[in-house]
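Hi everyone, thanks for making the time today. Please pull up the structure on your own screens so that you can follow along while I talk.

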Amino acid sequence: MATSVLTVTVKWRKQAFPDVTLDTALPADVFQSQLYTLTGVPPARQTILGLRGGKKITADADLSKLGIKDRQTLMLLGSPEADTPAAAPAKAGAGTTHVADDLDLDAPKEDAAALSAAVATPTIAVPPGLINMGNTCYMNSVVQVLNRVPELRAALGGYRGGAGEEVLNPSARLTASLRDLLSRLNVRGVAAINPSGFISALRTANPQFAERAGPVGMFTQQDAEECWGEILTRLSSTLPAPARAGDAAAAESESAAATASGDAPAAAANGSGAPAAGANAVDSLFGITTVAVDTCTEEGSTETVSRRETVRTLKCHIVQSVNHLADGLSAALSETIDMVSASLGRSARWARVSRLDTLPPYLAVQFVRFAWKPVERVRAKILRNVSFPLTLDVYDFCTDESRTRMTGARERARRAADEVATRAATDLEATNAAMEDVGDSATAAPAAADSAAAARTAGGATDRAASSSVPDADAGDSAMETSAPADINGSSAASSGSEEVTGVYELIAVLTHQGRAADGGHYVAWVKADPPTADASASTSSTGPTQRTGSSAASATPWIKLDDNKVSLTTAEEVLKLSGGGDWHTAYMLLYRAKRA
C-alpha cells in the first residue's frame, strides 16, 4: 500500500523550507496550518502553486487527488499578518498585558536577560523541537516530557506494530506512531521534527483532539493533562510489563543506548524494591498504589471504608492556604467528600484520607489550576503562586507499612551522606593547610633552592587536592545515586535488588501553561538536560576543570526549554520561577524521577 506521507519543498519569498512533511490523508488545512507556523502567513491568505493544470491547494481540497509527488517543490504566495516577519514581536500598548496564544505569532518574545542567563555547555545534547501543526503545543510538550523517560522508550522500542492507516486498532496505531516519533527525537543534528503522523493517530484515537472552531475551522487548543492521560491509557493497553527475568533483546538494546547517551534510567521506587504493581509498562513506570480510608463524620454513623487503587498522577489542589507543592499534595490526600451511608440510608459527609503505599520510578504531579466558572461558562485558571522543589520527599505521604520498608534505606543514605560531608570537610582542611605551607615556604626563603623545592612540592599537593576534593555543599544527595543504571524492572545493571527506595525524587521535567483559560494559551516543556557523557568529560579534562559529580553537578546541569520548534538552554533557577502568580509560564505538570540509595 502506497504511503500517504510525502516530503516536499516549499518556497516562499526568498526562503526555502526543505523536507516539509505533507500527509495527503489529512485535511488540507493541516498542511496550511503547518505553513502558517513556518511562515506566519495565515491560511486565508495562502495561495499554494506548483501543481499540474494550475491547480491550487485550498482548505477544502482533497490532497490525495491533486497528484502531488514525493520531493515535489511547491510555491507559497501570501504575506504574514501586518506584513511582518513571523518572529517580529508586536508593540504592546501602554499598561496592557499580552498573553501569547499557541499560534500568536505577534506575541512578545522572551526578555533578552533571560536568554543571556542560559548556560552554554557544548557537551549538552540538545534534542530537536517539534513543529506546531496548528494548536498542537499541548501535544508537543507532552511528547517532549515523555521523551525524558528512557524506560518508556525502551518499552516502545520492543513494540513491533505498524503505524499506518491500515492499522484499525487506534491504540496500536498511536503506540507505533509514538515509538517512531520518539525514535526521531533522539537523532542528533536535527533542528525540528514534523509530528503529523502522531497527531493524526491521537485524533483518531480520541476525536476530542480533532475539534475545530473559528471561521476557518482551525483545530482548537486542548488540555495537556488530558492529552497526557489519553496517551498513557492507550499505551497501557499495548505495552505489557517486561518479564521479571529480563526484557526483550530489542528493549535491552534501546535501554543500553539510552544509558550511553546520558539518560540514566530511574530505579524502581516502591516500598518493596519492585515497580508499582501493574500488568503493563505504564503502571510499572508511573503507577502509584494508594490506600484510602473513608470515615463517615455525621452523627449516628461509625462507618469506615478502605480501598486500594492505582493512579498515575498525584494532584496538587490549589486553595487559599496552599503556597507550596507539599501543601497542595496534603490537601488533595485529605479531603471531605459526599457519599451514601448505608447505616443512615442517605448521602452523608465523609472524611477521606489517602496515603501512598507503593511508589513508581517516575512521579507525575498535576497542579489543579483550572476551575469551572458557571456564570462565564469557562474553565478559568487559578494564577496563585505555588512553589515546587527540585528535590521532593514523599515519605510523609506514605502509609505506615511503606515507611517501615523505607526506614533502612533512608538511614543508610543518611549515614552515607554524613560520610561524604565529612570527607569533603577533611579535604578542604588539607587544601587550606597545603596552601598555607606554600605561602610560609615562599616567605621564609624565596631564594633558597630547598625552600623552592618544598614550595613546588606543596604546590603540587595543592593542585592535586583542589582538583580531586572540591567540597560539595549538597554532597549528601550524591549518596542517593548509583553508577549502575536500573532497567524498567528496577534491577541494577550491577546486581539485582541493589537499589533501595527512599521516597526521594528529583525534578526532571516541567510542563507549563501561559494564558488565562484552558481552551487557549500556550504550552511549553522544560526538561533537565542529560549530564555530559563520559567521553565528553574525558575530552575536556585536560583543558578545563575536572567535571564534578554528585548533587552540585546535578544542580549546575542546564535545563532545556522546548517551545514547539524553538529550543533553547536555561537554568534550574529560571525553572523554579515557573510557580505562577501572573501571566508568565506557569507550572501545570511536574515529572519527578526516583533517586536511588
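Which residue in the turn of the β1 and β2 hairpin has a positive phi? It is Arg-13, with a phi of about 55°, and there are 2 residues between the two strands. Before I go on, please keep in mind that this is a predicted model.

A quick overview, then. The protein has 597 residues, and 48% of them are buried. Its secondary structure comes to 15 helices and 22 strands. For those of you who like contact maps: take the contacts between residues at least 6 apart in sequence, and 72% of these join residues at least 24 apart.

Let's stay with that hairpin for a moment. Strand β1 covers residues 5–12 and strand β2 covers residues 15–23, and they pair in the antiparallel sense over 7 bridges. If you want one pair to click on, take Lys-11, whose bridge partner in β2 is Ala-16.

Now zoom out to the sheet around them. The hairpin belongs to an open sheet of 4 strands with mixed pairing, in the order β2-β1-β4-β3. β2 and β3, the latter at 47–49, are the edge strands; each has a single partner strand, so one side of each is left without a neighbour in the sheet. On average, neighbouring strands here are turned by 35° against each other, with direction ignored. Helix α1, residues 28–39, packs on this sheet and touches β1, β2, β3 and β4. The direction of α1 makes about 155° with that of β2. On the β3 side, the pairing with strand β4, residues 73–77, is antiparallel and runs over 3 bridges. Thr-47 has Leu-77 in β4 as its bridge partner.

Next, a pair of helices. Two packed helices are described by the angle between their axes and the distance between the axes. For helix α4, residues 150–157, and helix α5, residues 170–185, the angle is about 120° and the axes are 9 Å apart. How are α4 and α5 oriented to each other? They count as oblique, because the roughly perpendicular class runs from 65 to 115 degrees and the roughly antiparallel class needs an angle over 145. The crossing of α4 past α5 is left-handed.

Who is in the contact? From α4 we have Arg-153, Leu-156 and Gly-157, and they meet Thr-175, Leu-178, Arg-179 and Leu-182 in α5. Sorted by class, this contact has 3 nonpolar, 2 polar and 2 charged residues. α4 itself is mostly covered, with 7 of its 8 residues buried. Among the buried ones are Glu-151 and Arg-153, along with Leu-152 and Leu-156.

On to another sheet, further along the chain. This one is also open, with 4 strands in the order β10-β9-β13-β12 and antiparallel pairing. The edges are β10, at 304–311, and β12, at 334–341; each has a single partner strand, so one side of each is left without a neighbour in the sheet. From one strand to the next, the twist averages 35°.

Let me walk through the strands that pair with β13, residues 346–358. β12 pairs with β13 in the antiparallel sense over 8 bridges. Along that pairing, Ile-337 stands opposite Trp-350, and Ser-334 stands opposite Val-353. β12 and β13 form a hairpin with 4 residues between the strands, where Gly-345 takes a positive phi near 70°. Strand β9, residues 288–296, is also antiparallel to β13 and is joined to it by 8 bridges. There, Thr-290 stands opposite Leu-356 in β13.

This sheet has a helix on it as well. What does helix α10 touch? Helix α10, residues 325–333, packs on the sheet against β12 and β13, and its direction makes about 15° with that of β12.

One last residue before I stop: Ser-330, which lies in α10. Is Ser-330 buried or partly exposed? Its relative accessibility is 36%, so Ser-330 counts as partly exposed. Ser-330 also makes a nice example of sequence distance against spatial distance: Asp-396 is 66 residues away in sequence, while the two C-alpha atoms are 9.4 Å apart in space.

That's my tour, and thanks for listening!

Note on methods
Residues numbered from 1 in each chain as written. Predicted model: local features only at pLDDT ≥ 70, side-chain atom pairs only at ≥ 80, totals over all residues. Heavy atoms only, no water. Pairing = 2+ DSSP bridges. Axes fitted to C-alpha atoms, helices over the stretch in contact; angles between N-to-C directions. Contact = heavy atoms within 4.5 Å. Parallel < 35°, antiparallel > 145°, perpendicular 65-115°, else oblique. Left-handed = near helix turned anticlockwise from the far one by under 90°. Nonpolar A, V, L, I, M, F, W, Y, C, P; charged D, E, K, R; others polar. Buried < 20%, exposed > 50% of the residue type's maximum accessible area, 1.4 Å probe, protein only.
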